[in-house]
Amino acid sequence: MTRKFISLFLFVILSILSVQSIATTYETIGNNSWIPSTPSNSWSSNDVFIINHFVTLNGFRLLNGGSITINSGGKLTMKWSANFDAGTSIYVASGGELKLTQLTTENSSSNFVIEGTINTSNGSFINETSGVIDFKTGAVWTFNQQSLTNKGS
C-alpha cells in the first residue's frame, strides 16, 4: 500500500511540474482583449505573444525562448520597463507598432527585428547582448531615450 501511495504521489507531483513548464500562446482578439487570458507581468520561457490589436501592458520580463510578434495593425504599449532574456525574439511587422519606456536586452542571441514602428522614450535603452537589433528598410524608430548603451550589434 505504501509503495502505491508513493508512486501515485510522485506521479501527481511530476504531472503538476510538467504542466507548469508548458509554454502559453497569448493572442489578442480585440483591443486589450486576449485569449486564453490577459498575460501577467512575469512571462514564462517559450511563451508566445501575438499582437493583432491595440493593447497596453505593464512592464514585463520575457524569459529565454519567448517571442512577441506584432502584426500589421497591432500596437503594444508597455507602461514600464521591458526586459528580454537570451533566445527571445521580437518581431514588429510593417504597419505594427511597439511603444516602450525602458528597454533592456540581456545575455546573448536575442533577435529584435523591426519592419514597422518602434517608439522608445524616457528611461534607458540597454543592449547587453551579442544579439542583433535588425532595423529594416522603411522601419521607423522614434528614439527619445535618456541614455543608450549598446554592447551588441
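## Getting started

In this report, two residues are in contact when they have heavy atoms within 4.5 Å of each other. With that in mind, let us look at Thr77: setting aside neighbours within four places in sequence, Thr77 is in contact with Val55, Thr56, Leu57 and Lys99. Please keep in mind that the structure you see is a predicted model.

## The protein as a whole

The protein has 153 residues, and 37% of them are buried. Its secondary structure consists of one helix and 18 strands. About 8300 Å² of the protein is exposed, and carbon and sulfur atoms supply 55% of that area. Take the contacts between residues at least 6 apart in sequence: 16% of these join residues at least 24 apart.

## How confident is the prediction?

Mean pLDDT for the protein is 76, and 66% of the residues reach 70 or more. Among the elements, strand 1 (residues 25-30) has the highest mean pLDDT, 94, while helix 1 (residues 2-20) has the lowest, 51. Over residues 12-20 the pLDDT is below 50, and this stretch has zero contacts in the model beyond near neighbours in sequence.

## A sheet of five strands

Now to a sheet that you can trace in the structure. Five strands make up an open sheet with parallel pairing, in the order 5-8-11-14-17. At its edges are strand 5 (54-57) and strand 17, each of which pairs on one side only. On average, neighbouring strands of this sheet are turned by 10° against each other, direction ignored. As background, the strands of a sheet pair through backbone hydrogen bonds, either parallel or antiparallel.

Thr77, the residue from the opening, is found in strand 8. Is Thr77 buried or exposed? Thr77 counts as buried because its relative accessibility is 18%, and the cut-off for buried is under 20%.

## Strand 14 and its partners

Strand 14 (residues 117-121) is largely enclosed by the rest of the structure, because four of its five residues are buried. Strand 14 pairs in the parallel sense with strand 11 (residues 97-100) over four bridges. One place to find this pairing is Leu100, whose bridge partner in strand 14 is Thr120. Strand 14 also pairs with strand 17 (residues 140-144), again in the parallel sense, over five bridges. Here Thr120 stands opposite Phe143 in strand 17, and Ser121 stands opposite Asn144.

Asn119 is another residue of strand 14. With a relative accessibility of 17%, Asn119 counts as buried. Which residues does Asn119 touch, apart from neighbours within four places in sequence? Asn119 is in contact with Glu97, Leu98, Lys99, Leu100 and Thr142.

## A loop residue: Asn71

Let us finish in a loop. Asn71 lies between strand 7 (67-70) and strand 8 (75-78), in the loop that joins the two. With a relative accessible area of 26%, Asn71 is partly exposed. Its value falls in the partly exposed range because buried means under 20% and exposed means over 50%.

Leaving aside neighbours within four places in sequence, Asn71 is in contact with Ile50, Ile51, Asn52, Ala93, Gly95 and Gly96. With Asn52 there is a polar contact between the two side chains, at 2.8 Å. Asn71 and Glu97 are 26 residues apart in sequence, and their C-alpha atoms are 8.4 Å apart in space.

Conventions. Residues are numbered from 1 along each chain as its sequence is written. This is a predicted model: local features need pLDDT of at least 70, side-chain atom pairs count only at pLDDT 80 or more; totals for chains, interfaces and linings use all residues. Side-chain values use heavy atoms; hydrogens and water are left out. Buried means under 20% relative accessible area, exposed over 50%, partly exposed in between (1.4 Å probe, protein chains only). A polar contact is a pair of N or O atoms within 3.5 Å; within protein, one must be able to donate a hydrogen and the other to accept it, and residues adjacent in sequence count only if both atoms are side-chain atoms. pLDDT is the predictor's confidence in each residue, from 0 to 100. Two strands pair if DSSP finds at least two bridges between them. Accessible areas come from the Shrake-Rupley method with a 1.4 Å probe; for residues, only the protein chains shown count as cover. Axes are lines fitted to C-alpha atoms, for helices over the stretch in contact, and angles run from 0 to 180 degrees between N-to-C directions.
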